[in-house]
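Colleague: Could you walk me through this model and tell me how each label is earned? I am new to this, so please be patient with me.

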Amino acid sequence: MTPKDFFEYAKKHGAEMVDLKFTDLLGTWQHCSFPIDTWDENTFEDGVGFDGSSIRGWQAINVSDMLAVPDPSTAMIDPFFAKPTVSVIADIKDPMTREDYSRDPRHVARKALSHLKETGIADRCYIGPEPEFFIFDEVRYEQNQHRGFYQIDSVEGAWNTGRFEEPNLGYKPSYKGGYFPVSPTDTYHDLRGEMVRAMRKVGITVEAHHHEVGTAGQGEIDMKYAPLLEMADQFMWFKYIIKNVAKRHGKTVTFMPKPIFEDNGSGMHTHISLWKGGEPLFAGDEYSGLSQMALWAVGGLLKHAPSVLAFAAPTSNSYRRLVPGFEAPVNLAMSARNRSAAVRIPMYSQSPKAKRIEFRCPDPTCNGYLSFAAIMMACLDGIKNKIDPGQPLDQDIYEMTAEELAEYRHTPGRLDEALEALDRDHEFLTAGGVFTADLIETWIQYKTDNEVDPLRLRPHPYEFYLYYDN
């Protein structure tokens, strides 16, 4: 879509407003709305100004002026405004140099794709994430000097079988018992269906939706794989749509990886494949039908997984999920069918076009632009350096001895461990200038200052249970 097409599109839909969206460093959409008659075709070259110092992890106050330059190809009618409004995603530039801003996540994804082509290895990277989420009826939380708590509730919560509901019909998925139940146990079929319809209106191809393993309204909606940048844009729409459709119905959605104690968390298994000249590169005659290139890609992903997880599992809560016992992929190994392995090779189809690798460690709190780019860069490093992925983990881990499991590396146990890994191991990310040293340093510092250190300072509610009367 050209700038001219943009205005014709707006006129066709009777839109008098345009909503400009961009993604901050941590992966949250920011927006500002404008009467459409204040824009013209030059706006798509000149951009619009905003205060970069008010965006997390971006500019200092003395160099705060930034430009958001709308990409007309991303224009969509926003499904949540009362009046027809055209939504458009922006790229960020420096107003003085007119250069792309190095901390703009979308710019990183675009650089990653340019680097992919420059290597000559492939010309397209397909990404297929499977984000999971919880639909709750209520959430309350507070943290200050004298009180710290959270409380969630869901009509589907297994803990509510005894609640007075006038009447309580008892259809509550049990802990770890929510996978694929039909109605009336699955009470959110129609709500997820409404989310799917909203996604389809903005061009997202949805393959399936279903209830997930966890009690209390855990769900999953799967998007069809798409090129990396397109999928990163879609992932922003995905989270925006799910939260707002839920809000319409008086519900609240969280993408937190582990909001419920002793039940499965929400992950985002991420499928990746490389193609060249319209042909898939990951199909072959090696282990599990993979090509030698794909095995090297797995080797790179496993080698660099602790660093990649600083972007792909980027919160302290991410590591409440990455623990043994809840189908969590904590073992840094590959497997054709073992879901406790970090990298799985899906076996549903034997078509060469369907052959891909599935990285199971990421979760949906990530910034898709940075996470997808980091995963691809790790795969490329494996291919360039012919990194051996090691022996596959095809055994049931619950039948393995401690000595056998000790042969495999594991995912980091805490966010600070992932950040330390990123600090030590990031040359694969800076290849071709895709990730800059400035962005990596800013990410580590922001996460340390705003998440790791504040958590260290605060007593945990469970500590009162353990120690108060000592």
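Colleague: Why does arginine 456 count as exposed or buried, whichever applies?

Modeller: Happy to help! A residue is buried under 20% relative accessible area, exposed over 50%, and partly exposed in between, using a 1.4 Å probe and protein chains only. Arginine 456 has 55% relative accessibility, so it counts as exposed. Before we go on: this is a predicted model, in which local features need pLDDT of at least 70 and side-chain atom pairs count only at pLDDT 80 or more, while totals for chains, interfaces and linings use all residues. Residues are numbered from 1 along each chain as its sequence is written, and side-chain values use heavy atoms, with hydrogens and water left out.

Colleague: What makes arginine 456 and aspartate 416 a salt bridge?

Modeller: A salt bridge needs a side-chain nitrogen of Lys or Arg within 4 Å of a carboxyl oxygen of Asp or Glu. Here the closest N and O atoms are 3.2 Å apart, and the pair forms a salt bridge. Arginine 456 sits in helix H12 and aspartate 416 in helix H10 (residues 415-424), so the bridge ties together parts that are 40 residues apart in sequence. Helices (H or I, at least four residues) and strands (E, at least two) are DSSP runs, numbered from the N terminus.

Colleague: And why is aspartate 416 called buried or exposed?

Modeller: Aspartate 416 has a relative accessible area of 12%, and therefore it is buried. Among the other buried residues of H10 are Leu415 and Leu419.

Colleague: What do the buried residues of H10 pack against?

Modeller: They pack against helix H6 (292-312), helix H7 (318-321), helix H11 (427-430) and H12. Contact means heavy atoms within 4.5 Å.

Colleague: Which residues does lysine 447 touch?

Modeller: Lysine 447 belongs to helix H12 (residues 437-457). Not counting residues up to four places away in sequence, lysine 447 touches Leu26, Pro314, Thr315, Leu415, Leu419 and Val452. Its relative accessible area is 4%, so lysine 447 is buried.

Colleague: How do you know that arginine 56 and aspartate 24 meet in a salt bridge?

Modeller: Their side chains come to 2.8 Å, N to O. The pair links distant parts of the chain, 32 residues apart: arginine 56 is in the loop between strand S3 (48-51) and strand S4 (65-70), and aspartate 24 in the loop between strand S1 (17-23) and S2. Arginine 56 has 33% relative accessibility, so it is partly exposed, whereas aspartate 24, at 1%, counts as buried.

Colleague: How many salt bridges does the structure hold?

Modeller: The structure holds 24 salt bridges. One of them joins lysine 172 to glutamate 165, with the closest N and O atoms 2.9 Å apart. Lysine 172 is buried because its relative accessible area is 12%, while glutamate 165, at 23% relative accessibility, is partly exposed.

Colleague: Why is glutamate 16 called exposed or buried?

Modeller: Glutamate 16 has a relative accessible area of 63%, so it is exposed. You will find glutamate 16 in the loop between H1 and S1. Leaving aside neighbours within four places in sequence, glutamate 16 is in contact with Phe34, Pro35, Ile36 and Pro84.

Colleague: What about glutamate 41: where does it lie, and why is it called partly exposed?

Modeller: Glutamate 41 lies in the loop between strand S2 (29-35) and H2. Glutamate 41 has 44% relative accessibility, so it counts as partly exposed.
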